[in-house]
Amino acid sequence: MTMPLVFETASRLWRDRVTGSQEYSVIKNDRLHRAFLSRSPVPESEYRAAVSYRTALLRMFQDRTLEDVFPGRFVATPEGDCYCISRRHPLPLPPWDGDSTRRALLADLSLVYGIGKHTKRYLKGRGYRTIPDLLQHRRFSAPARECLRVLEEGSPCDVLSLVSRWYPPSHSRHLASARLFDLSDFLFLDIETLGIFQRPIILVGVAFVEGGRLATDQFLVRSMEEELPALLAAGEAVRKRGVLVTFNGRAFDVPYLRERCALYGGMFPAAVTHFDVLHPARRLFGQKYPDCRLCTLERGLFGITRDQDVPSMMVPEFYEAYAIHDNPGPLVPIVEHNCQDLVSLARLFFHLVEAA
């Protein structure tokens, strides 16, 4: 996927002007009742605070280099090096027992083809408590035997495919099946971009469990020529782990990554399976936290508050300030926001699995 001349030209244009127009509207005097008139509203108080914060960051970090502010390492890819910021974070992990999950699934007669809610209740009244009990049933012995073969001999993906046949991704039974995978299989992913679709990606963050802690790798695009190496590094991480965990990643992160890779003539690798935490979170916490944003859930569930966060719509302006002034200061809230998203995503995922 060598970068053609057209992309080199586009890269130079992006360096001259990272973004050509705002994709948000500032709501004067914080009159939020008018926010519905704007596609992406930002209250005036937040806007002014973000502008002041950006100015302060430029002043605070004017004599420092990016590598000094974000100690990291270089990851080699076929299209050049990618700068990676690596950290480790404490992470409370729930009990992880795949065997108990399989035993629980063996008691779910609904996994057998032809058994619905009413038939299940009827069979349990007749003494058929588990799927192995159905092996003696004249009608359901054959489908029960096939279901039993998957549950006892199948891979975690086979079992999850069986569960997904009868339960939606938001159901607790689907999420509980995550315990069939090893902890080291999971890869948590979150991206930061310069706007809506067709704008460059400036940061791809991934996280994984290692040694009982959460390790985060953030592939930072220091200039537009490094977007392709960052995409390749993130793709390699997906290939290595296989089980993707995102927050609204099915609708946003994964399609965005695929689009950017396609722009360079390549393909972003597909994960073995994908858990999108947004759907079970809405099912479980939607009434208590109606907006179900990740920052809302982390504050309500874990007591996490973010200081000096930047509205997502203003990220392009902060990146532009970094590119124009060659000053890493405006990147600080972007990198920290992405890192916190990864940590909160992992905590939320394991919290939901434990609840399931």
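This report walks through the fold, cores, aromatic pairs and a few polar sites of the chain shown above.

**The overall picture**

Please keep in mind that this is a predicted model. The chain has 356 residues, and 51% of them are buried. Its secondary structure consists of 14 helices and 9 strands. If you take the contacts between residues at least 6 apart in sequence, 69% of them join residues at least 24 apart. The accessible surface is about 17500 Å², with carbon and sulfur atoms contributing 50% of that area.

**Two nonpolar cores**

Let us start with the inside. The largest nonpolar core has 51 residues, and the members touching the most other members are Phe-70, Ile-202, Phe-219, Leu-257, Tyr-319, Leu-331 and Ile-334. Helix H9 (residues 227-241) supplies the largest share of this core, with 7 residues. There is also a second, separate core of 34 residues, and Ala-178, Ala-281, Leu-294 and Leu-348 are among its members.

Ile-334 is a good residue to centre your view on. Leaving out residues up to four places away in sequence, Ile-334 touches Glu-192, Ile-202, Leu-203, Val-315, Phe-318 and Tyr-319.

**Helix H13 and its surroundings**

Val-315, Phe-318 and Tyr-319 also appear among the buried residues of H13, together with Pro-316, Glu-317, Glu-320, Ala-321 and Tyr-322. Helix H13 spans residues 315-325 and is mostly covered, as 8 of its 11 residues are buried. What do these buried residues pack against? Their partners are H2, helix H3 (66-69), S5, strand S6 (201-210) and H14. After H13 comes Asp-326, which has a positive phi near 50 degrees.

Phe-318 has a charged neighbour as well: Arg-54 lies over the face of its ring, 5.8 Å from the ring centre. A second arrangement of this kind involves Arg-241, whose charged end sits over the ring of Phe-208 at 4.1 Å from the centre.

Helix H2 (residues 44-60) contains Val-51. This valine is partly exposed, with a relative accessible area of 22%. The C-alpha atoms of Val-51 and Val-310 are 9.5 Å apart, although 259 residues separate the two along the chain.

**Aromatic pairs**

The structure contains 14 aromatic pairs. Two of them are set out here.

| Pair | Centre to centre | Angle between planes | Geometry |
|---|---|---|---|
| Tyr-113 and Trp-166 | 6.2 Å | 50 degrees | tilted |
| Phe-188 and Phe-350 | 5.9 Å | 65 degrees | edge-to-face |

Why does the Phe-188 and Phe-350 pair count as edge-to-face? Its planes stand at 65 degrees, and an angle over 60 places a pair in that class.

Both pairs bridge stretches of sequence. Tyr-113 sits in the loop between helix H4 (98-106) and helix H5 (117-125), while Trp-166 belongs to helix H7 (residues 156-166), so their pair ties together parts that are 53 residues apart in sequence. Phe-188 in strand S5 (residues 186-193) and Phe-350 in helix H14 (residues 331-355) are 162 residues apart, and their pair links distant parts of the chain.

Are the rings of these pairs buried or exposed? Tyr-113 counts as exposed at 59% relative accessibility, and Trp-166 is partly exposed at 33%. Phe-188, in contrast, is buried with a relative accessible area of 0%, and Phe-350 is buried with 1%. Phe-188 and Phe-350 also belong to one aromatic cluster with Trp-96, Phe-181, Phe-186, Phe-275 and Phe-349.

**Two polar sites**

Asp-217 lies in strand S7 (residues 213-220). With 9% relative accessibility, Asp-217 counts as buried. Which side chain does the side chain of Asp-217 make a polar contact with? The partner is Ser-86, at 2.7 Å. Beyond residues up to four places away in sequence, Asp-217 touches Arg-73, Cys-84, Ile-85, Ser-86, Val-204, Gly-205, Val-206 and Phe-208. The last of these is the ring that Arg-241 covers with its charged end.

Arg-222 is located in the loop between S7 and H9. Its side chain is joined to that of Glu-226 by a polar contact of 2.6 Å. Not counting residues up to four places away in sequence, Arg-222 touches Leu-66, Glu-67, Phe-74, Tyr-83, Tyr-319 and Tyr-322. Tyr-319 and Tyr-322 bring us back to H13, where both are among the buried residues.

Conventions. Residues numbered from 1 in each chain as written. Predicted model: local features only at pLDDT ≥ 70, side-chain atom pairs only at ≥ 80, totals over all residues. Heavy atoms only, no water. Phe/Tyr/Trp six-rings, centres within 6.5 Å; stacked < 30°, edge-to-face > 60°. Helix = DSSP H or I, 4+ residues; strand = E, 2+ residues; numbered from the N terminus. Buried < 20%, exposed > 50% of the residue type's maximum accessible area, 1.4 Å probe, protein only. Lys NZ or Arg CZ within 6 Å of the ring centre and 35° of its normal. Core = buried A, V, L, I, M, F, W, Y, C linked by side-chain atoms within 4.5 Å. Contact = heavy atoms within 4.5 Å. Areas by Shrake-Rupley, 256 points an atom, 1.4 Å probe, with all protein chains shown as cover. Polar contact = N/O pair within 3.5 Å; in protein donor to acceptor, adjacent residues only side chain to side chain.
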